[in-house]
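Student: I would like to go through this structure and ask what stands behind each label used for it.
Tutor: Go ahead.

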Amino acid sequence: MVILGLTGGIGSGKSTVARQFGNLGVHWVDADDVAREVVEPGTPALAAIADHFGEDILTDDGALDRARLRHIVFEQPEQRIWLENLLHPIIREELIHQLNNPQNYSLPYVLLVSPLLLETDQHQLVKQVLVVDVPVEVQIERTMGRDTNSRQQVERIIAAQMSREQRLARADAVIDNNQPLNSIAAEVRALHESFMVDFG
């Protein structure tokens, strides 16, 4: 099974593009979803996080307080490094499991959707890198509108990610997500048909 990687900066619209592939029958796994699953209540990872940061990092019902944790790790880079060292291996293992076990699947490729595909060793799992691209100002506006983060916080998140230029330099294909949905769907369909030929 060929694994292709789909990445892009925060607010670039990776999920929108992934859903277009999904509409064509492509199995895709979102690393953000997996990252949430591995820290659900009762998981060893959540217990380790609570032990490290204290019980205040949990909500009243025992779930991870994501907003609080995000604030801490972007204010304190050494805490972000600790968290990444804990979670990245766990996430990678679960990604491999979910990518390699689609049910009743006949297409020759699957899609790993990950904002940190190129910043982590996840890129080693994929044969090609597809980059979802929008201008940085569009990333900021979309993320502020979606997550009610301040502009300063969004800019800090973008600064912590690989730059747009670096990401594009490593792309095997680029999908422009700053255009109407039907145009994006057409781009995805053309890529899908190409992949079916290349990997089928």
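The questions and answers below deal with the sheet, a helix, the cores and two single residues.

Student: What kind of model is this?
Tutor: This is a predicted model.

Student: What is the order of the strands in the sheet?
Tutor: The five strands of this open sheet come in the order S2-S3-S1-S4-S5, with parallel pairing. The twist averages 20° from one strand to the next.

Student: What makes S2 and S5 edge strands?
Tutor: Strand S2 (28-30) and strand S5 (173-176) each have a single partner strand, so one side of each has no neighbour in the sheet.

Student: How do you know that S1 pairs with S3 and with S4?
Tutor: Pairing requires at least two bridges between two strands. S1 and S3 are joined by five bridges, and S1 and S4 by four. Both pairs therefore meet the requirement. As examples, Leu-4 has Leu-111 of S3 as its bridge partner, and Gly-5 stands opposite Val-129 in S4.

Student: What about S4 and S5?
Tutor: Four bridges join these parallel strands, so S4 and S5 count as paired too. Val-131 has Val-174 in S5 as its bridge partner.

Student: Which strands does H5 touch?
Tutor: H5 packs on the sheet and touches S1, S2 and S3. The direction of H5 makes about 150° with that of S3.

Student: Why is Thr-7 called buried?
Tutor: The cut-off for buried is under 20% relative accessible area. Thr-7 has 1%, so Thr-7 is buried. Thr-7 belongs to strand S1 (residues 2-7), and six of the six residues of S1 are buried. On one side these are Val-2, Leu-4 and Leu-6, and on the other Ile-3, Gly-5 and Thr-7.

Student: What makes the approach of Thr-7 to Pro-115 a polar contact?
Tutor: The limit is a pair of N or O atoms within 3.5 Å. The side chain of Thr-7 reaches the backbone oxygen of Pro-115 at 3.5 Å, so the distance is at that limit.

Student: Is Leu-107 buried or exposed?
Tutor: Leu-107 is buried, because its relative accessible area of 16% is under 20%. Leu-107 lies in the loop between helix H5 (77-99) and strand S3 (109-113). Among the residues that Leu-107 touches are Met-1, Leu-24, His-192 and Met-196. Leu-107 and Met-196 are 89 residues apart along the chain, while their C-alpha atoms are separated by 7.6 Å.

Student: How do you know that the buried residues of H3 line one face?
Tutor: The buried residues of H3 are Ala-45, Leu-46, Ile-49, Ala-50 and Phe-53. Seen down the helix axis, they fall within an arc of 135°, so they line one face of H3. The face turned away carries the exposed residues Pro-44 and Asp-51. H4 and H5 are among what covers the buried residues. Just after H3, Gly-54 takes a positive phi of about 100°.

Student: Which residues touch the most other members of the largest nonpolar core?
Tutor: They are Ile-49, Phe-53, Ile-57, Leu-87 and Leu-112, out of 31 residues in that core. Helix H2 (31-37), helix H3 (44-53), helix H4 (66-75), H5, S3 and strand S4 (128-133) each supply at least two residues of this core. A second, separate core of 20 residues includes Leu-4, Val-17, Ile-175 and Phe-195.

Terms used
Residues are numbered from 1 along each chain as its sequence is written. This is a predicted model: local features need pLDDT of at least 70, side-chain atom pairs count only at pLDDT 80 or more; totals for chains, interfaces and linings use all residues. Side-chain values use heavy atoms; hydrogens and water are left out. Buried means under 20% relative accessible area, exposed over 50%, partly exposed in between (1.4 Å probe, protein chains only). Contact means heavy atoms within 4.5 Å. A nonpolar core is a set of buried Ala, Val, Leu, Ile, Met, Phe, Trp, Tyr and Cys residues joined through side-chain atoms within 4.5 Å. A polar contact is a pair of N or O atoms within 3.5 Å; within protein, one must be able to donate a hydrogen and the other to accept it, and residues adjacent in sequence count only if both atoms are side-chain atoms. Axes are lines fitted to C-alpha atoms, for helices over the stretch in contact, and angles run from 0 to 180 degrees between N-to-C directions. The arc is that of the directions from the helix axis to the C-beta atoms. Lists of a residue's contacts leave out its neighbours within four places in sequence.
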